[in-house]
Amino acid sequence: METTEKIVESYCRYVKGWFTISNIKCSTGQYEIDLLAIETTSDEGIKRYHIESGVSISGAFSKLTAKPFSPHKLKERVHQASQRRTIGYFMERKFGLPEIVTELRKFGFKEGNYSRIIVTWGWEEEAVEEAERNGIVLWDFRQILKEIAQICLDKKTYFSDDTLRTIQLFERSK
């Protein structure tokens with residue numbers, strides 16, 4: 001599991017108070033689901049979330065875009081990074097593949113009973129509109145880090161989660 005994915009999982013667990021399962025390999029193909037989360041404290045009953053992380057701090061490719069996605073360009077090394085920064089990429093490769101949908105069903109995630117979330121390092125305004133049209137919520141990774149840091153400062157709790165503990169120690173060292 002990637003570091004950014006671990007941070008997002010810690011955020012869901014310790015800030016949001018959700019149950020999580022991460023890094024779910026699909027039984028066919030080489031695909032995986034980054035994170036599934038369940039919220040049980042909602043007044044509306046159980047809420048489910050399929051969360052995919054796509055965090056890049058590369059200046060040219062840090063923001064999520066609404067540019068067209070091309071499976072053919074994704075195979076071309078020169079276009080891979082820009083293709084992975086599109087809403088279309090997430091729609092087709094992270095949320096929409098039959099292998100992913102089949103795996104989601106095994107956990108009770110069926111069309112219409114869960115939310116799709118993309119965690120990224122900012123986005124272009126057109127990406128927000130495209131995400132909303134496709135029923136996707138965008139989370140800014142930088143905001144997630146700030147919320148975790150605030151929890152670490154506010155609580156005197158010893159976190160045994162390595163990711164959270166690292167952020168806590170960093171915040172206290174300032």
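Leaving out neighbours within four places in sequence, Ile148 is in contact with Ile7, Tyr11, Val15, Leu164 and Ile167. The model in which these contacts are found is a predicted one.

Ile148 also belongs to the largest nonpolar core, which has 19 residues. Together with Val8, Ile51, Val119, Trp139 and Ile144, Ile148 is among the residues that touch the most other members of this core. Several elements contribute to the core: α1 (3-15), β2 (32-39), β3 (47-54), β4 (114-120), α7 (141-154) and α8 (162-172) each supply at least two of its residues. A second core, separate from this one, has 13 residues, including Leu74, Ile87, Phe90 and Val128.

The strands come next. In β4, 6 of the 7 residues are buried, so this strand is largely enclosed by the rest of the structure. On one side of the pairing list stands β3, which runs parallel to β4 and is joined to it by 7 bridges. Within this pairing, His50 stands opposite Arg116 of β4. The strand β4 also pairs with β5, again in the parallel sense, over 5 bridges. Here Arg116 stands opposite Ile136 of β5, and Ile117 stands opposite Val137 of β5. Strand β5 covers residues 136-140 and is mostly covered itself, with 4 of its 5 residues buried. How does the chain get from β4 to β5, and what is the hand of the crossover? The path goes through helix α6 (residues 125-133), and this β-α-β crossover is right-handed.

Arg116 has a further relation to note. Its position is over the face of Phe95, at 5.7 Å from the ring centre. The residue just named, Phe95, falls within helix α4 (residues 87-95), which also holds Lys94. Is Lys94 buried or exposed? At 17% relative accessibility, Lys94 counts as buried, because the cut-off for buried is under 20%. Not counting residues up to four places away in sequence, Lys94 touches Asp34, His50, Glu52, Tyr89 and Ile100. His50 therefore appears in two places in this account: opposite Arg116 in the strand pairing, and among the residues that Lys94 touches.

The aromatic rings form another thread. A pair of aromatic rings is described by the distance of the centres and the angle of the planes. A search of the whole structure finds 7 aromatic pairs. In one of them, the rings of Trp18 and Tyr49 have centres 4.1 Å apart and planes at 5°, so the pair is stacked. This pair links distant parts of the chain: Trp18 is in the loop between α1 and β1 (19-25), Tyr49 is in strand β3, and the two are 31 residues apart. Trp18 counts as buried, at 7% relative accessibility, and Tyr49 counts as buried too, at 9%.

Another aromatic pair, Phe109 with Tyr114, is tilted, at 5.4 Å centre to centre and 55° between the planes. Phe109 is buried, with a relative accessible area of 3%. Tyr114 is buried as well, with a relative accessible area of 15%.

Which residues form one aromatic cluster with Trp18? They are Tyr11, Tyr49 and Trp139. Two of these names have come up before: Tyr11 is in contact with Ile148, and Trp139 is among the core residues that touch the most other members.

Two residues remain to be placed. Ser70 is found in the loop between β3 and α2 (71-74). With a relative accessible area of 18%, Ser70 is buried. Its C-alpha atom is separated by 41 Å from that of Gln168, which is 98 residues away along the chain.

Asn23 is the other. Most residues other than glycine have a negative phi, and most peptide bonds are trans. Asn23 has a positive phi of about 55° although it is not a glycine. The place of Asn23 is in strand β1, and at 24% relative accessibility this residue counts as partly exposed.

Terms used. Residues numbered from 1 in each chain as written. Predicted model: local features only at pLDDT ≥ 70, side-chain atom pairs only at ≥ 80, totals over all residues. Heavy atoms only, no water. Core = buried A, V, L, I, M, F, W, Y, C linked by side-chain atoms within 4.5 Å. Buried < 20%, exposed > 50% of the residue type's maximum accessible area, 1.4 Å probe, protein only. Contact = heavy atoms within 4.5 Å. Pairing = 2+ DSSP bridges. Right-handed = clockwise from strand over helix to strand, strands pointing away. Phe/Tyr/Trp six-rings, centres within 6.5 Å; stacked < 30°, edge-to-face > 60°. Lys NZ or Arg CZ within 6 Å of the ring centre and 35° of its normal.
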